[in-house]
Amino acid sequence: MASSLKAKVPDLTLLAKKNKGQFPSPRVRRMIAGDDTVKSHGTREMPIWGPIFHQIENDQDLGNVRLENLVKYMESIQQK
């Protein structure tokens, strides 16, 4: 599918490297939750993951735990 996209698919293992060696946790969290928008993603009508995590359970804290776990995983796969 990546080849059919208009915008190049980013290498998510290079986020820290492209951010002066620091993993941008707050920015990643905002992107996943849908608080930040990316022009290449199109309109806000495109599904975002933050609400999906919270819909699985009525417990908002559990959604936050899922979001934090994903951010930590993404940080763990960064290339040095």
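**Three helices and a shared core**

Right after α1 comes Gly 34, a residue with a positive phi, near 90°. The helix named here is a DSSP run (H or I, at least four residues), strands being runs of E with at least two residues, and both are numbered from the N terminus. The model is a predicted one, in which local features need pLDDT of at least 70 and side-chain atom pairs count only at pLDDT 80 or more, while totals for chains, interfaces and linings use all residues. Residues are numbered from 1 along each chain as its sequence is written, and side-chain values use heavy atoms, with hydrogens and water left out.

As for the overall layout, the protein has three helices and zero strands, in the order α-α-α from the N terminus on. Confidence is given as pLDDT, the predictor's own score for each residue, from 0 to 100. Its mean over the protein is 80, with 68% of the residues at 70 or more. Helix α2 (residues 49-56) has the lowest confidence, at a mean of 62, and α1 has the highest, at 90.

Of the 80 residues in the protein, 22% are buried; that word stands for under 20% relative accessible area, with exposed meaning over 50% and partly exposed the range in between (1.4 Å probe, protein chains only). The exposed surface of the protein comes to about 6,500 Å², and carbon and sulfur atoms supply 56% of it. These areas come from the Shrake-Rupley method with a 1.4 Å probe, and for residues only the protein chains shown count as cover. Contacts, meaning heavy atoms within 4.5 Å, also link distant parts of the chain: of those with a separation of 6 or more, 48% join residues 24 or more positions apart.

In α1, the buried residues are Ser 25, Val 28, Ile 32 and Ala 33. They sit on the same side of α1, because they cover an arc of only 125° around the axis, taken from the directions from the helix axis to the C-beta atoms. Ala 33 counts as buried because its relative accessibility is 16%. Between the C-alpha atoms of Ala 33 and Asn 64, which are 31 residues apart along the chain, the separation is 9.6 Å.

The largest nonpolar core holds eight residues: Ala 16, Phe 23, Val 28, Ile 32, Ala 33, Leu 67, Val 71 and Met 74. Two elements, α1 (25-33) and α3, give two or more residues to this core. Such a core is a set of buried Ala, Val, Leu, Ile, Met, Phe, Trp, Tyr and Cys residues joined through side-chain atoms within 4.5 Å. Beyond its neighbours within four places in sequence, Val 71 is in contact with Phe 23, Ser 25, Val 28, Arg 29 and Ile 32.

Gln 78 lies in the segment after α3 (60-76) and counts as buried because its relative accessibility is 10%. Its side chain reaches the backbone oxygen of Leu 12 at 2.7 Å and the backbone nitrogen of Leu 15 at 2.9 Å. Leaving out residues up to four places away in sequence, Gln 78 touches Leu 12, Thr 13, Leu 14, Leu 15, Ala 16 and Phe 23.

Lys 20, in the segment before α1, is exposed, with a relative accessible area of 82%. Its phi is near 55°, a positive value in a residue other than glycine.

How values were computed: A polar contact is a pair of N or O atoms within 3.5 Å; within protein, one must be able to donate a hydrogen and the other to accept it, and residues adjacent in sequence count only if both atoms are side-chain atoms.
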